[in-house]
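Please walk me through this structure, beginning with the chain as a whole and moving on to its parallel sheet, the helices packed around that sheet, the largest pocket and one buried loop residue.

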Amino acid sequence: MEPPAPRRRVTIVDVARHAQVSTTAVSKVLRNAYGASPEMRAKVRRAIDELGYRPHAGARGLRGQTYTIGVMLPDIRNPFFPEILDGITGVLEDTEYQVLLGPGCNGEQAEAQVTEAMIDRGMDGIVLVAPVSSRARLEQVASTVPTVVIGRHGTSPLYDTVVDDDVEGASLVVGHLAGLGHRRIAHIEHHETDPARLAEMPNARRADGYRQAMRAHGLEEWTDVVSTSYTQEGGYEGAKRLLTRRHRPTAVFAGADIVAMGVLEAVAEAGLAVPGDISVAGYDNTTFAALGPISLTSVDQAGHEMGRSAVRLLLGRIADRHRPSDRVVLSPTLVPRRTTAPA
């Protein structure tokens, strides 16, 4: 038995015939252009729904726009990044734009492959979330396609940026713990050696904020930083090191909620209780932080608003490639929960 012949793709001509209007009218409706009456728009939209018409992305790309936006996420396992994605898709919900994801895998080579693939496929704009690539590389991308960078504190005339005040966020955590009577407050950071990334990445800013806050509260002698990675495994490894200290910390500030998950695992494995023996705080206020059995104290850096701000900036840059670059800085808030208590 021969396989059925592939179904012919519905074209703009089919839509025009079905709606009994011209192809020019259909094109105007698809482009949301001036000159199409409400009645005509309704007829065309009805024909599109009845025929199941979908614009051909390749053909649209030849005309200069594909209505696709690429989003590069550094680590798809980190539960904070879907918060940003929700903000992005929320703004685009009533538009023709579609979001396509690419994993950057926390490496410059992987990021380059993802961004080049997005550029090659004619995406109208790109959102890069916490990229580790050099400034020169980011500017090379932005000179080719409208670009917004989330989570890098450096600025550029070629791309827009959205960041959290990470220094302030770290200060909120230390202030909260110090207010509970903790003195031996340790921090688990993401290991970084590149000077440019140390100046711009949020993990480095949070570590700086922790050190500054410890000094401000007269606790500099108890400053204790362990460098691992912003992963659950990194949090577990960092906590294991801290728990073997001669003067074990009474509180741990994990640089991200995913890190705090590893800390909680290591503390439980050591037979200790949270917060009875050791308080734990994270950063990101991810959805699992609010789950009853976890109830993790965390810093809310407004992931949804980050995504919303980024896509608004991107749509503006798509419309006007030559406008001055913009920078949005969001103010974090602390959300105390049951993993922190008096020392």
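Two residues are taken to be in contact when heavy atoms of theirs lie within 4.5 Å of each other, and the packing described below for helix α12, whose buried residues lie against β6, α11, β8, β9 and β10, is to be read in that sense. The model is a predicted one, and what follows should be read with this in mind.

The chain holds 13 helices and twelve strands, and its C-alpha atoms fill a box of roughly 80 × 50 × 45 Å when this is taken along the principal axes. Of its 343 residues, 49% are buried. Among the contacts between residues at least 6 apart in sequence, 69% join residues that are at least 24 apart.

A useful place to enter the fold is an open sheet of four strands, in which the order is β7-β6-β8-β9 and the pairing is parallel. Strands β7 (224-228) and β9 (279-281) each have a single partner strand, so they stand at the edges and one side of each is left without a neighbour in the sheet. Between neighbouring strands of this sheet the turn is 20° on average, with direction ignored. Strands of a sheet pair through backbone hydrogen bonds, in either a parallel or an antiparallel manner.

Strand β6, which spans residues 185-190, is joined to β7 by five bridges, and the two run parallel. Along this pairing, Ile188 has Val226 of β7 as its bridge partner, while His190 is partnered by Thr228 of β7. Four bridges join β6 to β8, again with the strands running parallel, and here Ile185 stands opposite Ala251 of β8. Strand β6 is also mostly covered, with five of its six residues buried.

Two helices that lie across this sheet can be described next. Helix α11 (residues 232-243) lies across β6, β7 and β8 (251-254), and runs at about 140° to β7. Helix α12 (residues 257-269) lies across β6, β8 and β9, and runs at about 150° to β8.

Helix α12 has 13 residues and reaches 19 Å from its first C-alpha to its last, close to the 18 Å expected at 1.5 Å a residue. Ten of these 13 residues are buried, which means that α12 is largely enclosed by the rest of the structure. The buried residues are Asp257, Ile258, Val259, Ala260, Met261, Gly262, Val263, Leu264, Ala266 and Val267, and the elements they pack against are β6, α11, β8, β9 and β10. Just after α12, Gly271 takes a positive phi of about 80°.

Helix α10 (residues 202-216) can be followed along similar lines. Its 15 residues reach 21 Å from the first C-alpha to the last, close to the 21 Å expected at 1.5 Å a residue. The buried residues of α10 are Pro202, Asn203, Ala204, Arg206, Ala207, Gly209, Tyr210, Ala213 and Met214, and what covers them includes α8 (166-179), β6, α9 (195-200), β7 and β8. The helix is followed by Gly218, whose phi is positive, near 70°.

Helix α10 leads on to the largest pocket, in which about 500 Å³ of space lies. Of the 30 residues that line this pocket, the closest to its centre are Phe81, Ala130, Met201, Asn203 and Tyr230. The elements that give two or more residues to the lining are α5 (81-92) and α10, and the largest share, three residues, comes from α10. Asn203 thus appears both among the buried residues of α10 and among the residues closest to the centre of the largest pocket.

Last comes a residue in a loop. Thr297 is found between β9 and β10 (298-300), and is counted as buried because its relative accessible area is 0%, where buried means under 20%. Leaving aside residues up to four places away in sequence, Thr297 touches His176, Val280, Ala281, Gly282, Leu334, Val335, Pro336, Arg337, Arg338, Thr339 and Thr340.

Notes:
Residues are numbered from 1 along each chain as its sequence is written. This is a predicted model: local features need pLDDT of at least 70, side-chain atom pairs count only at pLDDT 80 or more; totals for chains, interfaces and linings use all residues. Side-chain values use heavy atoms; hydrogens and water are left out. Two strands pair if DSSP finds at least two bridges between them. Axes are lines fitted to C-alpha atoms, for helices over the stretch in contact, and angles run from 0 to 180 degrees between N-to-C directions. Buried means under 20% relative accessible area, exposed over 50%, partly exposed in between (1.4 Å probe, protein chains only). The expected span of a helix is 1.5 Å times one less than its number of residues. On a 1 Å grid over the protein atoms alone, a cavity is a set of points where a 1.4 Å probe fits but cannot get out, and a pocket is an open set with protein on both sides within 12 Å along at least five of seven lines; lining residues have an atom within 4 Å of a point. Grid points are joined across faces, edges and corners, and a volume is the space filled by probe spheres set on the points.
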